[in-house]
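Have a look at the model below and turn it around a few times. We'll walk through it together, one piece after another.

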Amino acid sequence: MRVRVLFFGVLKDVAEKTVETVELPEGATTGDLLSAVDARIPDIQKYLPSVAVAVNQEYAKRGSRLSDGDEVALFPPVSGGRR
Amino acid sequence: MKDPAELRAASEVRRAAMVRSAIDSARVLAGMKQGEDGAVVVFEGIVRNQTRGRKTLYLDYEAYEEMALRQMEGLAEQAVGQFQVRDVAMVHRLGRIEIGETSVLIVVASAHRAAGFDACRWLIDTLKRTVPIWKKEYFEDGAVWADGEPFPVDMSAANLPGTGSTKAGDASN
């Protein structure tokens with residue numbers, strides 16, 4: 001199956017792109033996707049522990065199953081508003 | 001987490017907005033006041049001129065816009081139910097924002113002030129931890145993505161296979 005991966009914030013700079021299509025085996029989870037992203041993008045690993053994943057614009061639980069055609073967004077910690 | 005149908009229903013109420021030009025706080029405030037209100041609590045987040053002693057030139061905000069807007073609508077809806085306030089308006093600005101300008105506006109109208117303060121505080125704190133918006137801070141000698149607060153545990157993807165345990169989001173990038 002294929003999913004569309006969106007990168008935001010610092011992840012966009014590290015990946016040097018905003019979107020990428022990733023091919024995954026059937027039954028793959030968000031964890032499998034992060035492993036695939038780690039394997040294909042140099043230097044992204046250190047950011048992954050603090051990443052949140054949204055599948056089709058909803059925050060996904062750990063280990064959620066993905067489906068063909070999903071839009072999967074990878075978020076570094078958010079920083080809207082002001083501190 | 002609300003289901004998508006609930007969020008869609010909430011978004012039809014339109015308590016939240018994303019804009020790319022200056023937020024007219026006075027106009028939003030005036031539009032929120034009604035006869036049954038006894039209090040209107042306003043929070044404005046504005047762009048500060050320094051971070052840890054380093055002079056800031058301006059900020060640039062980006063968002064996963066559609067999701068961010070739905071999340072903001074969901075928070076506004078939740079605040080109205082949870083804190084028993086009459087109504088909420090939330091506006092977040094995206095793009096380049098100069099020192100002193102407003103990046104986020106939250107207005108809460110209620111019969112009594114305590115509920116208004118509580119709802120407003122909860123709204124800005126929750127927005128800053130969960131709504132997919134990021135800011136890049138521009139200094140005289142470079143730019144960095146601002147550190148965010150860690151995601152609530154049920155939203156974090158950490159502990160997934162292959163993600164290691166290194167702390168990320170360091171300002172050194």
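What follows is a short tour of chain A and then of a sheet and its helices in chain B.

One thing up front: this is a predicted model. With that in mind, let's start with chain A. Its secondary structure adds up to 2 helices and 5 strands, and if you trace it from the N terminus, the elements come in the order β-α-β-α-β-β-β.

How does the overall size of chain A fit its length? A compact globule of 83 residues would have a radius of gyration near 12 Å, and chain A has 12 Å, so the two agree. Lay the C-alpha trace of chain A along its principal axes and you get a span of about 40 × 25 × 20 Å. Of its 83 residues, 59% count as buried, meaning under 20% relative accessible area. Take the contacts in chain A between residues at least 6 apart in sequence, and 53% of them join residues at least 24 apart. As for the outside, chain A exposes about 3,500 Å², with carbon and sulfur atoms supplying 45% of that area.

Now over to chain B and its sheet. Here 4 strands make an open sheet with mixed pairing, in the order β1-β5-β7-β2. At the edges sit β1 (16-19) and β2 (39-46) of chain B, each of which pairs on one side only. Ignoring direction, neighbouring strands in this sheet are turned by 10° against each other on average. Strands of a sheet pair through backbone hydrogen bonds, in either a parallel or an antiparallel way. Which sense do β1(B) and β5(B) use? They pair in the parallel sense, over 4 bridges, with β5(B) covering residues 87-93. To find the spot by eye, look for Ala16(B), which stands opposite Met90(B) in β5(B).

Two helices of chain B lie across these strands. Helix α3(B), residues 65-83, lies across β1 and β5 of chain B and runs at about 150° to β1(B). Helix α4(B), residues 113-130, lies across β2, β5 and β7 of chain B, at about 150° to β7(B).

Stay with α4(B) for a moment. Its 18 residues reach 26 Å from the first C-alpha to the last, close to the 26 Å expected at 1.5 Å a residue. Which residues of this helix are buried? Among them are Gly116(B), Ala119(B), Trp122(B), Leu123(B), Ile124(B) and Leu127(B), and Lys128(B) is on the list as well. And what do the buried residues of α4(B) pack against? In chain B they meet β2, α3, β5 and β7, and across in chain A they meet β4 (58-59).

Note on methods: Residues are numbered from 1 along each chain as its sequence is written. Chains are lettered from A and ligands numbered from 1 in the order in which they are written. This is a predicted model: local features need pLDDT of at least 70, side-chain atom pairs count only at pLDDT 80 or more; totals for chains, interfaces and linings use all residues. Side-chain values use heavy atoms; hydrogens and water are left out. Two strands pair if DSSP finds at least two bridges between them. Axes are lines fitted to C-alpha atoms, for helices over the stretch in contact, and angles run from 0 to 180 degrees between N-to-C directions. Contact means heavy atoms within 4.5 Å. The radius of gyration is taken over C-alpha atoms; the globule rule is 2.2 Å times the number of residues to the power 0.38. Buried means under 20% relative accessible area, exposed over 50%, partly exposed in between (1.4 Å probe, protein chains only). Accessible areas come from the Shrake-Rupley method with a 1.4 Å probe; for residues, only the protein chains shown count as cover. The expected span of a helix is 1.5 Å times one less than its number of residues.
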